[in-house]
Amino acid sequence: MTGLFARGVTLSLGGRRVLHDAHVALAAGEVVGVIGPNGAGKSTLLRVLAGLQGADAGEVLLEGRALSAMMPGDRARRLSFLPQEGVPPPPMLVADLVALGRLPHRGARNDVRDHAAVEAALAETGLLDLRDRPANQLSGGERARLRLARALAVEAPYLLADEPVAALDPAHALAVMASFGRLADAGRGVAVVLHDLTLAGRFCHRLVLMRDGRIVAQGRPAEILTDAAMRAVYGVTVRRVDDAVVPWSLTGEPA
Ligand SMILES: Nc1ncnc2c1ncn2[C@@H]1O[C@H](COP(=O)(O)OP(=O)(O)OP(=O)(O)O)[C@@H](O)[C@H]1O
């Protein structure tokens with residue numbers, strides 16, 4: 001059985017139920033967008049799928065095996081996780097930090113392959129010119145691309161990316177979403193948390209819509225980005241421009 005699956009995942013944190021009976025699948029060759037309001041549980045779901053957070057009930061299966069039973073190194077070679085901005089990066093050179101993405105492969109050391117993966121990740125994220133800069137001197141958007149480059153350098157079959165374009169300018173956001181499309185075309189599976197509904201509709205093969213810890217809908221973007229769902233889940237009305245959905249006004253305000 002190929003793919004990454006969450007089955008009936010339920011989780012409470014700090015005495016609050018943050019995931020309720022979540023069922024979701026990520027197949028090789030697809031980009032799945034995870035959308036929903038602040039606090040809906042998107043990051044938590046991604047962390048559970050990455051094996052970084054356990055669940056109270058349910059299970060996560062990676063290619064038919066329970067994630068919880070896999071060796072950490074094995075899991076790290078198969079699942080790459082791109083976190084939301086956390087602690088600032090250390091004063092290491094950009095290229096050296098990206099190379100840390102190769103750590104899961106150290107058991108089967110292959111310097112040529114490692115070098116190629118790092119170069120490809122730097123090129124894919126537009127960081128070649130910044131490779132010799134200390135990472136702690138980068139701008140917010142440049143740091144976001146650095147986190148992505150490190151995650152890409154793993155060359156894992158599955159990439160889980162938490163708001164990778166939130167800090168990016170329009171050109172870089174489009175470039176990153178196009179990169180995810182190319183990864184999927186090459187047979188990888190990508191799950192990406194997004195707040196930009198236009199990018200979600202344009203670049204994702206499927207969308208998972210969350211609210212209050214529950215997956216309330218999943219399917220093709222046209223099935224999910226309906227006026228009724230956007231009103232019910234986000235409390236906004238939308239305008240449609242060339243088939244894209246643009247959040248337009250708060251529900252109750254004149255559109
Ligand atoms: N360690 C924790 N302890 C208690 N509550 C937590 C913890 N981590 C997350 N939560 C709560 O779980 C809920 C879901 O959080 P999560 O970060 O998954 O939301 P999200 O959908 O990614 O939100 P955002 O769009 O704001 O990033 C929130 O209400 C959050 O306050």
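The following exchange concerns helix α1, the ligand shell and the nonpolar core of a predicted model.

Biologist: Why is helix α1 called largely enclosed by the rest of the structure?

Modeller: A residue is buried if 20 or more other C-beta atoms lie within 10 Å of its own. Six of the eight residues of α1, which spans residues 42–49, are buried, so the helix counts as largely enclosed.

Biologist: Which residues of α1 are the buried ones?

Modeller: They are Lys42, Thr44, Leu45, Leu46, Val48 and Leu49. After the helix comes Gly51, with a positive phi near 80°.

Biologist: What makes a residue part of the shell around the ligand?

Modeller: Its C-beta atom, placed from the backbone, has to lie within 6 Å of the molecule. Lys42, Ser43 and Thr44 are among the residues around the ligand, as are Gly36, Asn38 and Arg16.

Biologist: Which element gives the most to that shell?

Modeller: α1 does, with three residues. Strand β2 (16–26) also supplies at least two. By class, the shell holds three nonpolar, seven polar and two charged residues.

Biologist: What makes a set of residues a nonpolar core?

Modeller: The members are buried nonpolar residues joined through C-beta atoms within 7 Å. The largest such core has 79 residues, and Leu49 is one of those with the most contacts inside it, along with Val34, Val98 and Leu160. Helix α5 (residues 140–153) gives the most to this core, with seven residues.

Biologist: What does Leu49 touch, leaving out residues up to four places away in sequence?

Modeller: Leu49 touches Leu4, Ala6, Val60, Leu160 and Ala191.

Definitions and conventions. Residues numbered from 1 in each chain as written. Predicted model: local features only at pLDDT ≥ 70, side-chain atom pairs only at ≥ 80, totals over all residues. Buried ≥ 20, exposed ≤ 12 C-beta atoms within 10 Å, placed from the backbone. Helix = DSSP H or I, 4+ residues; strand = E, 2+ residues; numbered from the N terminus. Nonpolar A, V, L, I, M, F, W, Y, C, P; charged D, E, K, R; others polar. Contact = placed C-beta atoms within 7 Å.
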